[in-house]
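Please find below a short note on the model under review. The points are numbered for ease of reply.

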Amino acid sequence: MTPRLEVTDTLDAGAEEKILAELKAHNDVLFGAPSDRRGLYVPIRDEAGAVIGGLTGYTGRGFLHVEMLFIPEEMRGKRLAGRLLEIAETEAKARGCVGAYIDTANPDARRAYQRQGYEIIGTLADYPPGFSITWMAKRF
């Protein structure tokens with residue numbers, strides 16, 4: 001069989017799910033067990049209960065993976081990012097995790113994460129231009 005390759009900005013319905021299912025099946029064999037991936041969310045809500053920021057991520061294979069962390073502008077500088085991370089880390093530990101991972105291109109966020117004990121494990125300069133993306137990890 002000769003594979004057909006193409007570049008596209010959309011996929012047919014179900015194609016992304018198919019690729020993910022195949023990757024998960026491959027990783028289950030590679031790592032010797034199915035992933036214990038489970039969502040972990042710490043929303044920030046306003047007085048009316050609407051989500052205005054927070055932390056999204058998941059735990060799996062022994063680590064907390066923080067995907068997004070957003071603090072509304074008017075709430076910044078009050079160590080709220082640290083509080084969100086502490087809450088998420090506490091839950092991750094309860095789930096059996098031994099560490100956490102996060103990345104950022106924001107220098108202020110990087111400093112906040114370092115205050116919480118995260119260490120830089122890698123960087124990519126000029127991504128985006130004029131900044132660097134930084135990968136950070138913390139062992140519990």
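1. Glu-89 is buried, its relative accessible area being 4%, and this value falls under the 20% cut-off that defines a buried residue. The residue belongs to helix 2. The model is a predicted one, and the values in this note are to be read accordingly.

2. Which residues are in contact with Glu-89, once its neighbours within four places in sequence are left aside? They are Leu-64, Tyr-118, Lys-138 and Phe-140. With Tyr-118 there is also a polar contact, side chain to side chain, at 2.7 Å. The two residues are 29 apart along the chain, and their C-alpha atoms are separated by 12 Å. For a charged side chain in a buried setting, this pairing deserves a place in the description: Glu-89 counts as charged, is buried at 4% relative accessible area, and has its side chain in polar contact with that of Tyr-118.

3. The largest pocket holds about 610 Å³ of space. Its lining comprises 26 residues, and those closest to the centre are Ile-71, Ala-81, Asp-108, Ala-109 and Ala-112. Two strands and two helices each supply at least two lining residues: strand 3 (63–70), strand 4 (99–104), helix 2 (80–94) and helix 3 (107–115). Helix 2, which also carries Glu-89, is thus part of the description of this pocket.

4. By residue class, the lining of the largest pocket divides into 12 nonpolar, 9 charged and 5 polar residues.

5. The second largest pocket has a volume of about 310 Å³. It is lined by 13 residues, and nearest its centre lie Lys-24, Asn-27, Ser-35, Arg-37 and Arg-61. Helix 1 (15–31) and strand 2 (51–60) each supply at least two residues of this lining. Helix 1 gives the largest share, 6 residues. In terms of class, the lining has 5 nonpolar, 4 polar and 4 charged residues.

6. Helix 1 merits a separate remark on geometry. How far does helix 1 reach from its first C-alpha to its last? The span is 24 Å for 17 residues, close to the 24 Å expected at 1.5 Å a residue. Just after helix 1, Gly-32 adopts a positive phi of about 85°.

Notes:
Residues numbered from 1 in each chain as written. Predicted model: local features only at pLDDT ≥ 70, side-chain atom pairs only at ≥ 80, totals over all residues. Heavy atoms only, no water. 1 Å grid on protein atoms, 1.4 Å probe; cavity = no way out; pocket = protein on both sides within 12 Å on 5 of 7 lines; lining within 4 Å. Points joined across faces, edges and corners; volume = space filled by probe spheres on them. Helix = DSSP H or I, 4+ residues; strand = E, 2+ residues; numbered from the N terminus. Buried < 20%, exposed > 50% of the residue type's maximum accessible area, 1.4 Å probe, protein only. Contact = heavy atoms within 4.5 Å. Polar contact = N/O pair within 3.5 Å; in protein donor to acceptor, adjacent residues only side chain to side chain. Expected span 1.5 Å × (residues − 1).
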